[in-house]
Amino acid sequence: MAQGPDTLKVNERFGPHRGYASGTRLASNIEPDRVVNTHCCFCGQQCGIQLKVKDNEVVGFEPWYEFPFNRGMLCPKGVKRYLQGSHPDRLLHALQRDPAAPGGFRATEYDAAVRVAADAIARIQTEHGNDAFAVLTGASLTTEKAYLMGKFARVCLRTANIDYNGRLCMVSAAAGNKLAFGIDRAANPWSDILKAEVIWISGANVAECAPITTEYVWQARDNGARIIVVDPRITPMARTCDLFLPVKPGRDVALFNGILQLMIEHDWLDHDFIEKHTAGFEKLAEHVSTWTPARTSRISGVPEKSIRQAAEWWGQAKTSFLMHARGIEHHSHGVQNVLGAINIVLASGRIGRENCGYATITGQGNGQGGREHGQKCDQLPGARDIANPEHRAHIAQVWGVEPDDLPGRGVDAYEIIRKIDRGEIRGLLSICFNPIVSLPDNNFVRRALEKLDFFVSIDFFLNETARHADIVLPGSLHEEDEGTVTQTEGRVIKINKAIDCPGEARQDWRIIQDIAAALGRPHGLAFSSPREIFDELRVASRGGVADYSGITYEKIEKQYGVFWPCPSDDHPGTPRLFEPGAWNPIATGAGPFYFPDGRARFNVAEYTPPTEDVDQEYPVILTTGRVVSQFLSGTQTRRIGPLVDQYPEPRIEMHPQLAESLGVQDGDWVTAESRRGDCTLRAMVVTTIRPDTVFIPYHWPGRKSANQLTISAQDPISKIPEYKVCAVRLRKAEHAPEYAEQLEPQQG
Amino acid sequence: MAVPENMDFFIDPSRCIGCQACVQACGECDTHKGHSMIHLEYVDRAQSTQTAPVICMHCHSPTCAEVCPADAIKRSADGVVQSARKPHCIACSNCVLACPFGVPKMKVELELMMKCDMCYDRTSVGKKPMCASVCPSQALFFGTHEEIEALRPQAQSINRFRFGEQVVTTRVHMMVPESRPEYVDVTAAMEAGPTGRRIALSVIGTSPRTGE
């Protein structure tokens, strides 16, 4: 039923086409009607930006120098983000599947489309049970929308099966932080990077994925810091770092264990901190005793000398900041990698103080806020646990329902796809998620989506997944709504509305409420503004770990953001967690960490090889990631012409040694093949990658998609997929792929 | 209106991450909307991720203006070398060929040379240029000497460059290591191999194809 229409025809009708500046946007000295202080719509840095508005169109930007995090700085995505508006591909009407129509969809009246969606939801839930209808959401939604999606699923649809694309992004860090600290948020504001003596960066291509963080790291270097970068590629930041550890993909935890072993051997430990503020060190120390430098080197692929040097610098530093990102998190043992990183931080005692920090760098715009307030399958607002009776009772009371009426834990986003494949889930609502590009083994994902009885998608462009929908409802762009997001530091900031939705498009939260009303289940879903939603969210979060109750839109504006927890109106927020003497609702004064005894936990971090290691048949490691000019599945950035032109199509990065063994030169077509699919791309032959590893950026769909190859193995705790390691074999392609003649670079 | 005397431009290629935010932002400036005047290139991508951003260096005695037969290029009193003036420029490309830094671009469709004018519409009214505003690594920095000296104690700025027999002094400064030479000898540097740290990954591991 939900088989997608012909790719070329849908491309022609719905894009992606490349949008460029024209008309007013190219004219000089246009006096804007207004300039709106807001933030970039893309990554977790959430840079402040001013949008210039003329005649209900965003015509350009101006740096927002006063916003303290980025002080006017922007990456190329932020500079050109305004081109996503007034775009020829913008959905201006609701769409209904119609194989006879151009591109496979015909425009339909909005109310009628909502009616069709509501009737299909009711029918599926009546026939197959409430859980047979699932909801997929995203971490680029504002916190208000994320909160509303969780409430919509639990109160209106009463389905357990809601999960979000943060499952692809933040969950390993979140799970590791909760195991070690009892709370999931960057421990420190970025200002603590500046005067740290050692900066340790593991699995984070900072320059391309979190560009603004670069300036913090460089400033630390100018202040005398040593920079240690751990990565299988010499990223732009690694190029001039003080120590580069070229880790073999999937072996980070081995490296962290080896570092800790050397810290113990040389007594580079903060005994006082370990004794007073932690638990579990002896057991961990016993575990890492086997991680000798020789063994660590053999497993991790990092030379022993470099391991010793890193341990010495890390061990002897007075101040430090350790950060990591998806490079250590996208693994079937991603949580173990995170725990390994946290262990060397805790053993050093350098956390919770000025210039002593630790953080994961969030990926998505609301990667932090989007994972706190109930769109995760196991979570209720305020970072509460859906399986905890007290937590359920609190939220049920706020929502005006009985605790027993709240569904229990659902399954993670990939398991939702598997349940669709098995026929257990028959209907799907998706917003802010493009799983057919972004999930691993996406040929399987496509086949599963084709089995749905009914699929409704809410989006502003027809993304590749929405092509399989029965109904598409035209949602809102970032600049067409207001609300809060929580950026990488844990700073809650305000997105401000710049323009009205065009055509029949409307704000996402209104669409959700319209569906609830059409279902005849409007209870608790009759908000008239994002502010109203936020005010209820504040109440719902009160007393929880992620306590937003003291945050208001006005306080955010006045303070340039408010760091949660902020438990009362007169509370300024909490930029730095875990400061000595800090109070929290779990420890209630016993200590700074979020456990009843106030102590952080050392956790044994077990090394296991990747789920699919290389072998004779598939001898090369594939790892995936981002490029600076594209963002995630590219729904927006593959429609912004200047960003497409900067890096038009995916290339397969390989070392000259590997290229030579394949008879491949730079620019040649190469076919990469895994047990799940194949992909033919041009080679980029560079010495900046390990010879045993190839890299493909994942922003493209269809035959250009890296996720045709990746494996759907998941971490047992966090359920994050293993995007960073699988096994492939390579061969020089005999001729260019069919798509080379048919598709524009941004299309797939 | 003029660019304040104490405001200077500093380039630090060691900070550049090649993200092209400057290239993308340059075309957003009102004085040359839609045209990016910045050159940002990989030095040798096969070997390194190193990139180098080049804006107009705003020479004290601008070669581009000296070779212009139409007197189309003016250096204003605040030291900014302006883009070619439309009625005067005859699109002869003398400036493009003569500039030692390779900055001017000939816009054939406009029959006009265009180059970085330090975002004159912004800098002449006290704002920062677009590129230095957005640069996420602050490889491009616009501010005072006092500011850059406080922020970057391990580097020195230099504004003298030697090209063969020609020594050029510029309003824009380049950040160099502390041991400050009298000038940057660009011609000599072009002949020299890479210096400093170099990370080689080719020694790692086994042959991926054979697994040995």
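Trainee: How many residues does the contact take from chain B and from chain A?

Mentor: The contact takes 38 residues from chain B and 52 residues from chain A. Two residues are in contact if their C-beta atoms, placed from the backbone, lie within 7 Å. This is a predicted model: local features need pLDDT of at least 70, side-chain atom pairs count only at pLDDT 80 or more, and totals for chains, interfaces and linings use all residues. Residues are numbered from 1 along each chain as its sequence is written, while chains are lettered from A and ligands numbered from 1 in the order in which they are written.

Trainee: Why are α5(A) and α14(A) called oblique to each other?

Mentor: Their axes cross at roughly 50° and come within 8 Å. Axes are lines fitted to C-alpha atoms, for helices over the stretch in contact, and angles run from 0 to 180 degrees between N-to-C directions. Under 35 degrees is roughly parallel, over 145 roughly antiparallel, 65 to 115 roughly perpendicular, and the rest oblique. α5(A) and α14(A) are therefore oblique.

Trainee: What makes α5 (residues 171-181) and α14 (residues 334-348) of chain A helices?

Mentor: Helices are DSSP runs of H or I, at least four residues; strands are runs of E, at least two; both are numbered from the N terminus.

Trainee: How do you know that β7(B) and β8(B) pair?

Mentor: Two strands pair if DSSP finds at least two bridges between them. β7(B) and β8(B) have 8 bridges, in the antiparallel sense. β1(B) and β8(B) have 3, in the parallel sense.

Trainee: Which residues stand opposite B:M174 in β8(B)?

Mentor: B:I11 does, and so does B:I158.
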